[in-house]
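Colleague: I am new to reading protein models, and I would like a close look at one part of this one. Could you take me through the salt bridges and what surrounds them?

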Amino acid sequence: MCRVPSCRKPARFNNNILSKYCSDEHGREFMRLKTQHLKMSPAPENKMEDLGSRGGILTAGDLKAVIMDVSSAAEFRKLGERIVSLPPDDPETDTKEKDKKKLGLDFAPDDLTYSPDEASKIEELRKRRDELLHRRGMLNARNTFVNLVRQRSKSVLEKLKQAEPKGGWKDICGFDSRLAWSDEEFDEWRLSEVGAKTLEDGTPEALASSYPDTTDIDGDTVMNGVKAEEDDISSLSRGICTKKRCERHKQWVKVQQQEILFEEDTVNQDLAKCEKEAQNVVERAVLRMWAEKENAQNGCQ
């Protein structure tokens with residue numbers, strides 16, 4: 001039935017057109033009815049500036065900002081798939097900071113000679129920074145992986161609905177057993193040829209095809225390398241938890257995203273600390289060098 005309240009005509013539903021309305025005109029009419037409550041007129045000058053919906057119903061400004069910021073319906077559907085980090089106070093300054101070489105780690109003042117202890121400390125800090133940068137890259141890849149798992153779970157749900165129309169498929173858990181991998185296991189996978197290609201393609205199909213053949217539906221290793229027998233449903237959902245109400249993986253998306261955000265924040269803090277320590281080493285080395293030169297000059301006199 002057409003969604004316009006005053007219309008009793010059936011909605012268009014055939015192989016070529018799938019719609020909730022009897023015509024395009026009624027589709028636009030329904031949207032006009034839904035947006036009538038929005039205040040489209042500009043606010044008077046003596047009133048406070050519109051602060052947005054702040055978690056409630058979208059205002060006209062919010063709706064316009066969302067629509068104008070995407071270029072296609074596919075991009076619109078992807079909104080909200082990941083937690084957006086707070087933007088930097090000054091994007092240009094933030095970009096310059098990333099491109100700027102760090103004192104001690106990337107360069108040192110001319111004619112500066114480190115003592116053995118200072119050279120050892122600088123080398124240790126460089127290795128530490130490389131490890132932190134590697135970990136940050138791994139966390140970015142894991143964040144991408146979580147988003148791919150969400151997309152794949154939606155794809156699996158649609159296929160289950162098609163395969164079992166009367167199965168009552170409204171929602172599934174969608175947890176991928178690979179999310180239980182340790183950081184070392186995931187890092188090894190994302191650096192492998194299969195993992196790198198999967199993350200680069202960024203599609204649910206690529207993620208499904210990358211599932212290890214030596215792992216069964218529950219994420220356990222198949223004995224003797226023998227691939228477990230699967231029917232069509234098991235094959236298309238291999239590695240995905242298809243339970244309708246799963247207590248074991250409850251709110252796994254929120255848990256994964258919060259953990260990644262926490263780890264990213266920790267890595268950024270450790271990087272800043274590492275860079276500060278390297279700068280302190282260089283500053284102490286410069287002071288020592290000038291003190292040695294001054295003592296040498298005084299000794300000659």
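Modeller: Happy to; here is the overall picture, then the salt bridges, and then a few neighbouring features.

This is a predicted model, so local features need pLDDT of at least 70 and side-chain atom pairs count only at pLDDT 80 or more, while totals for chains, interfaces and linings use all residues. Residues are numbered from 1 along each chain as its sequence is written, and side-chain values use heavy atoms, with hydrogens and water left out.

Let us begin with the whole chain. The protein chain has ten helices and zero strands; here helices (H or I, at least four residues) and strands (E, at least two) are DSSP runs, numbered from the N terminus. Of its 301 residues, 28% count as buried, where buried means under 20% relative accessible area, exposed over 50%, and partly exposed in between (1.4 Å probe, protein chains only). Among contacts with a separation of 6 or more, 65% are between residues 24 or more positions apart; contact means heavy atoms within 4.5 Å.

Now to your request. Side chains of opposite charge can pair when their charged atoms come close. A salt bridge is counted when a side-chain nitrogen of Lys or Arg lies within 4 Å of a carboxyl oxygen of Asp or Glu. By this rule there are 15 salt bridges.

One of them joins R12 to D24, with the closest N and O atoms 2.7 Å apart. R12 lies in the segment before α1 (24-34) and D24 in helix α1, so this pair ties together parts that are twelve residues apart in sequence. Both partners are partly exposed: R12 has 24% relative accessibility, and D24 has 46%.

Another salt bridge pairs R135 with D183, and here the closest N and O atoms are 3.1 Å apart. This one links distant parts of the chain, as R135 sits in helix α5 (residues 116-163) and D183 in helix α6 (residues 183-191), 48 residues apart. R135 is partly exposed at 24%, and D183 is partly exposed at 26%. Salt bridges that share partners also join R135, R142, D183 and E263 into one network.

What about a pair away from the surface? R178 and D176 meet in a salt bridge of 3.1 Å, N to O, and R178 and D176 are both buried.

Staying with α6, we can look at its neighbour. Two packed helices are described by the angle between their axes and the distance between the axes. The axes of α6 and helix α7 (residues 193-201) come within 4 Å and cross at roughly 80°. Axes are lines fitted to C-alpha atoms, for helices over the stretch in contact, and angles run from 0 to 180 degrees between N-to-C directions. That makes α6 roughly perpendicular to α7, on a scale where under 35 degrees is roughly parallel, over 145 roughly antiparallel, 65 to 115 roughly perpendicular and the rest oblique. The contact involves W189, R190 and L191 of α6, with E193, G195, A196, T198 and L199 of α7.

One last residue is worth a glance. Most residues other than glycine have a negative phi. Q251 is not a glycine, yet has a positive phi of about 55°. Q251 belongs to the loop between α9 (232-236) and α10 (252-300), and counts as exposed at 54% relative accessibility.
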